[in-house]
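Student: I would like to learn how to read the packing of a helix from a model. Could we go through one case together?

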Amino acid sequence: MKRFFLFALALICGQYASAQMMPDSTVQIVAYWEIGDKYAYNCERSSKEINAQGDTVSVEYSSEIMEFEVVGKTETSYQVKLTYYDEESSNPQNQLIQKIMSDCGANLPVLFSTDQHGSLISFDNIPQLAESFKKGIGPLAQALTEQMSPEDLEGFDMQGFTEQLLAMIADPAVIQTSILDDIGRVFLFHGARMELDHTYSFDEPLNFMLPGMEQLSAKTNFWAEKDLTDTYSTVCRTYTLADIGNETVSSAIGSITGLATEHTEMPDSLKNEFNKEMNDAMSEMNMQIKWEQYTTSEIHLNTGWPLNFYHDKYIKAVIPGSGSQEKIESRYMEIILPDSEE
């Protein structure tokens, strides 16, 4: 990953002459950006599910280009525009959703701000993004119901389903959580000054997309690799582990079940009975979830732009007496450079 030598010259030219490798053998990640700086990244994602027998039962792939452009700068902050291009998915339904939302204009760039070091401090256009997403909810609901069987459509509440999609897709909190999950760790090390090979830790809030899931935190370890650090770039890593108990899982699944039955035409007494049976079943199941997360990032020291970024999540659900099921999500980002700079 140390092959971007001409890239270093192109980015440093006219800016800062010294790298951020400190005389005391520490390393500091600082953004040296200018308005108009624009760098795109190839992004590849994969997701696979493994059943209790150890067999892979589901695999999905997707790709996109993520382009970051510096559009504002003060003495204490930067504003960056993030635009997604060429999004593709192996999942036909995800591809359909993407096309419908794009056709409806629900593809505005994300605006976010960092401090003077490049550390993320705010998302600046969440209300506008939410309004943009709302445009696609009606056409999306119609397209999804067209894929349902006649049996599934019996007693189906179209208005309720549309409201459910609205809450799941266009809710500002959901949008912010999704964006934070996408780029939060890309800029996690900015502003940090680290002794090489020394492990640091902090309690990190975890972002879950499940409605009803209480806010959880877990210990995250992070460090900079001495053997992979020089005056050109550094490689930083994180590791996070969270053990989530049955009570938290049951609460989240109960909320999802309640949201689903709320928009189904059935007597309240039947809804209450169904929700109670689900809660009792979850309580007897005693499910435990182990959630692990790893990231690796190579960062160009003279500019603070990431060169490569890896992000892996392992989510394992363990049910006593029934074995375990695991979902593995991986993401890889690599900066796109002209052929002459590679």
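Student: Which residues of helix H3 are buried?

Tutor: This is a predicted model, in which local features need pLDDT of at least 70 and side-chain atom pairs count only at pLDDT 80 or more, while totals for chains, interfaces and linings use all residues. Residues are numbered from 1 along each chain as its sequence is written, and side-chain values use heavy atoms, with hydrogens and water left out. In H3, the buried residues (under 20% relative accessible area, 1.4 Å probe, protein chains only) are Ile126, Leu129, Ala130 and Ser132. They lie on the same side of H3, because they cover an arc of only 160° around the axis, taken from the directions from the helix axis to the C-beta atoms.

Student: What covers the buried residues of H3?

Tutor: The cover includes strand S5 (110-115), strand S6 (120-123) and H7, where contact means heavy atoms within 4.5 Å.

Student: How do I describe two packed helices?

Tutor: Two packed helices are described by the angle between their axes and the distance between the axes. Here the axes of H3 (residues 126-134) and H7 (residues 172-183) come within 9 Å and cross at roughly 110°, which makes H3 roughly perpendicular to H7, a term for angles of 65 to 115 degrees. On the H3 side the contact is made by Ile126, Leu129, Ala130 and Phe133, and on the H7 side by Pro172, Ile175, Gln176 and Ile179.

How values were computed: Axes fitted to C-alpha atoms, helices over the stretch in contact; angles between N-to-C directions. Helix = DSSP H or I, 4+ residues; strand = E, 2+ residues; numbered from the N terminus. Parallel < 35°, antiparallel > 145°, perpendicular 65-115°, else oblique. Buried < 20%, exposed > 50% of the residue type's maximum accessible area, 1.4 Å probe, protein only.
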